[in-house]
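Take a look at the model below. The report after it starts with one loop residue and then widens to the strands and the whole chain.

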Amino acid sequence: MVLYENNNFNNMKVPLSTNSLNLGTKYLGRNTLYYPEVESTNEIAISVAQNGGPEGTVIIADKQTKGQGRLQREWYSPKGKGLWFSIILKPNIDPIKVSQLTLVAAVATADAVSKVIGLSPGIKWPNDLLINGRKFCGILSEGQIGNEGIDYVILGIGLNANLDFYDFGLEIRSKATSLKIETGKHIERTQLFREILCQLEKCYETWLREGFEPIRLAWKEKNITLGQLVQVNSFQEVFQGKAIDIDNGGALIVKDKNNKIYSFNSGEVSLSTEY
Ligand code: BT5
């Protein structure tokens, strides 16, 4: 099967045969566009979504030259060594719930890594997957909300599969890792990609059907943030306290030394030694 043979997406000309992927999903990844090299798969996914690309469409690249993290940060995405991909979703839900999708993706990706690789990653709120305290996967969700609700959400997932220690630049070497580094084995990317899509479709459907609570419980089981003293940088302000929970919307709840409670819908968390 060749996808988008007569498509409207003029420049989207490198379709991937999903037959060869042997996907076990109903719709995630059934339309997959593969690129050897792009600036950012999220950028392409946005343009595909804006041009009517259906829910479940996946854009995957072997290399990104301008992979994006949050807040204009860069995501290092060297050729052939990782999974760099973006998924288009069009959930018919209250836009206020959209940030929960990052947590849905984190739970699903952690489940897939456990299943295929046999390691149990920890989730650092909201979007980092870590093994032995080092980040090997990050998630960037971006969306557009229109008059009628959510137009689309893009879930961008960057996962370090086969990077070696010296592949990382000096500035991230001490805090980043890859599945190859952690297991000592070459990682078969297609199998992992397939499993992430399967787990994500499962978690996404659970979330649509039953709401956030089952995802919240699964997230809490895998999290490495709660119970820790943390520093949260949010909107140019810095808070210190103990991370005590995530609420039923996915926000992080932090209690400071005066027992004052704060909740964060977004922000950057680092472990702190002070209360
Ligand atoms: C993230 O941002 O963790 C989200 C990363 C999402 C990347 C995917 S790849 C497919 C899709 N297309 C895109 O263009 N993006 C998405 P953030 O929490 O802001 O973390 C960024 C920080 O992680 C950087 O400032 C570095 O310190 C560090 N970093 C950069 N590249 C890394 C890598 N390959 N592995 C581990 N850490 C990295």
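## A turn at the surface

Phe 235 counts as exposed, because its relative accessibility is 71%, over the 50% cut-off. This is a predicted model. Phe 235 sits in the loop between strand S8 (229-234) and strand S9 (237-246). Its neighbour in that loop is Gln 236, also placed between S8 and S9. Gln 236 is exposed, with a relative accessible area of 85%.

The backbone deserves a look here. Most residues other than glycine have a negative phi, and most peptide bonds are trans. Phe 235 has a positive phi, near 45 degrees. Gln 236 has a positive phi too, near 70 degrees.

Positive phi values also turn up in two hairpins. In the hairpin of S10 and S11, Asn 259 takes a positive phi near 65 degrees. In the hairpin of S5 and S6, Asn 132 takes a positive phi near 50 degrees. The table puts these residues side by side.

| Residue | Place | Phi |
|---|---|---|
| Phe 235 | loop between S8 and S9 | near 45 degrees |
| Gln 236 | loop between S8 and S9 | near 70 degrees |
| Asn 259 | hairpin of S10 and S11 | near 65 degrees |
| Asn 132 | hairpin of S5 and S6 | near 50 degrees |

Which residues are joined by a cis peptide bond? They are Trp 125 and Pro 126, and omega is about -5 degrees. Pro 126 lies in the loop between strand S4 (122-124) and strand S5 (128-131).

## Following the strands

Now move along the chain from S5. Strand S5 pairs with strand S6 (residues 134-146) in the antiparallel sense, over four bridges. Two residues lie between these strands in their hairpin. Asp 128 stands opposite Gly 138 in S6.

S6 has another partner. Ten bridges join S6 to strand S7 (residues 149-160), and the two run antiparallel. They form a hairpin with two residues between them. Gly 138 appears again here, opposite Gly 158 in S7. Ile 139 stands opposite Ile 157 in S7.

S7 pairs with S3 as well. Those two strands are antiparallel and share eight bridges. Ser 86 has Gly 156 of S7 as its bridge partner. S3 itself covers residues 82-89.

Is S7 enclosed or open? Eleven of its twelve residues are buried, so S7 is largely enclosed by the rest of the structure. In a regular strand the side chains alternate between the two faces of the sheet.

Further along comes another pair. Strand S10 (residues 252-255) and strand S11 (residues 261-264) are antiparallel and share four bridges. Lys 255 stands opposite Ile 261 in S11. Five residues lie between the strands of this hairpin.

## Two residues to compare

Glu 74 is in the loop between strand S2 (58-64) and strand S3. Glu 74 counts as exposed because its relative accessibility is 65%. Leaving aside residues up to four places away in sequence, Glu 74 touches Gly 67 and Gly 69. Try a distance too. Glu 74 and Leu 28 are 46 residues apart in sequence, and their C-alpha atoms are 26 Å apart in space.

Thr 206 belongs to helix H5 (residues 189-210). Is Thr 206 buried or exposed? Thr 206 is buried, because its relative accessible area is 17%, under the 20% cut-off. With residues up to four places away in sequence left out, Thr 206 touches Gly 211 and Pro 214.

## The whole chain

Step back now. The protein chain has six helices and twelve strands. Its radius of gyration is 18 Å, close to the 19 Å that the globule rule gives for 275 residues, so the chain is as compact as a globular protein of that length. Along its principal axes, the C-alpha trace spans about 60 × 50 × 30 Å.

How much of the chain is buried? Buried residues make up 48% of the 275 residues. Among contacts with a separation of 6 or more, 63% come from residues 24 or more positions apart.

The accessible surface of the chain comes to about 13,300 Å². Carbon and sulfur atoms account for 46% of that surface. The chain carries 30 positive and 30 negative charges, and their mean positions are 5 Å apart.

Terms used: Residues numbered from 1 in each chain as written. Predicted model: local features only at pLDDT ≥ 70, side-chain atom pairs only at ≥ 80, totals over all residues. Heavy atoms only, no water. Rg over C-alpha atoms; globule rule 2.2 N^0.38 Å. Buried < 20%, exposed > 50% of the residue type's maximum accessible area, 1.4 Å probe, protein only. Contact = heavy atoms within 4.5 Å. Areas by Shrake-Rupley, 256 points an atom, 1.4 Å probe, with all protein chains shown as cover. Lys, Arg positive; Asp, Glu negative; His and termini not counted. Charge placed at Lys NZ, Arg CZ, Asp CG, Glu CD. Pairing = 2+ DSSP bridges.
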